Amino acid sequence: MLLLAMDTATPAVTVALHDGETVVAESSQVDARRHGELLLPAVDRVMKEAGLALDAVTGLVVGVGPGPYTGLRVGLVTAAAFASALGVPVHGLCTLDGLAYASGIQEPFAVATDARRKEVYWARYENSRTRVTEASVDRPADIAEQLAGLPVVGAGARLYPEAFPDARDPEHQSAAALAALAAERLAAGDQEAFLEPLPMYLRRPDAQVPKNYKVVTPQ
């Protein structure tokens, strides 16, 4: 097993290579505006650090979000292109699950990432491996009572300390954690734990088709 994992659903552009037992190499950069510029060089760095060619990869792992429209698509499209070229499967995982797994917390908690517009993407967990709610998007004040008393992992907790006073690490997503979670589930034969490698937006994009625009083509 050699899994190439990537996630661009958050400001972290993160890539990792996992051999089924451990992380072989990883690269992460936090830059909310340069996902498209940073992802492929990160993949190249990781493969060079591991001393392996891309055709050694046996599977792709990709974070499917939730996340903003443009950044999220960069990772998904890249994973799909690599999978097509290499003839290997793509395993989708919820981005929030990667943050939860990396936390190592073994008690009830939540994960919250920045959804912009003064909102967070969030979900509740029984422990670092078990999500108990679907991912959602809400204003922090609207879910503060639901999550009262729970640790909250991720950048969303740090952005809104009045709603989430018990902020925990990690703040940013790690493809290394995403890859390790995927390797664990694959080793257990738990294929149903994976998602289709399609974007999880949770809300409509900002761009809209103009209404009542003038027709400029000849009649």
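**Group meeting talk: strand E2 and what surrounds it**

Let me start with a pairing: strand E2 and strand E3, which covers residues 23-30, run antiparallel and are joined by seven bridges. I should say at once that what you see above is a predicted model. Within this pair, Leu17 stands opposite Ala25 in E3, and the hairpin that the two strands make has four residues between them, with Gly20 taking a positive phi near 100°.

On the other pairing of E2, the partner is E1, again in the antiparallel sense, over five bridges. Here too there is a hairpin, with four residues between E1 and E2, and Leu4 is the residue that stands opposite Leu17 in E2.

Is E2, then, enclosed or open? Seven of its seven residues are buried, so E2 is largely enclosed by the rest of the structure. If you follow its two faces, you find Ala12, Thr14, Ala16 and His18 on one side, and Val13, Val15 and Leu17 on the other, all of them buried.

That brings me to the nonpolar core. In soluble globular proteins, nonpolar side chains tend to be buried together. In this model the largest nonpolar core has 26 residues, and those that touch the most other members are Leu4, Met6, Val15, Leu17, Leu39, Val43 and Leu60. Two or more residues of this core come from each of strand E1 (3-7), strand E2 (12-18), helix H1 (35-50), strand E4 (59-63) and helix H2 (69-86). Apart from it lies another core, of 17 residues, which includes Val61, Leu93, Ala176 and Ala179.

To see one member of the largest core in its setting, take Leu39: once we leave aside its neighbours within four places in sequence, Leu39 is in contact with Met6, Thr8, Val13, Val15, Val74, Gly75 and Thr78.

I would like to finish with a polar residue, Gln173, which is found in the loop between strand E11 (167-168) and helix H6 (175-187). Gln173 is buried, with a relative accessible area of 3%. Which residues does Gln173 touch, not counting residues up to four places away in sequence? They are Asp7, Thr10, Ala12, Thr14, Thr95, Gly98, Leu99 and Leu178, and of these, Ala12 and Thr14 belong to one side of E2, the strand we began with. As for its polar contacts, the side chain of Gln173 reaches the backbone oxygen of Thr95 at 3.1 Å, while a polar atom of that side chain lies 3.4 Å from the backbone nitrogen of Leu99.

How values were computed: Residues are numbered from 1 along each chain as its sequence is written. This is a predicted model: local features need pLDDT of at least 70, side-chain atom pairs count only at pLDDT 80 or more; totals for chains, interfaces and linings use all residues. Side-chain values use heavy atoms; hydrogens and water are left out. A nonpolar core is a set of buried Ala, Val, Leu, Ile, Met, Phe, Trp, Tyr and Cys residues joined through side-chain atoms within 4.5 Å. Buried means under 20% relative accessible area, exposed over 50%, partly exposed in between (1.4 Å probe, protein chains only). Contact means heavy atoms within 4.5 Å. A polar contact is a pair of N or O atoms within 3.5 Å; within protein, one must be able to donate a hydrogen and the other to accept it, and residues adjacent in sequence count only if both atoms are side-chain atoms. Two strands pair if DSSP finds at least two bridges between them.
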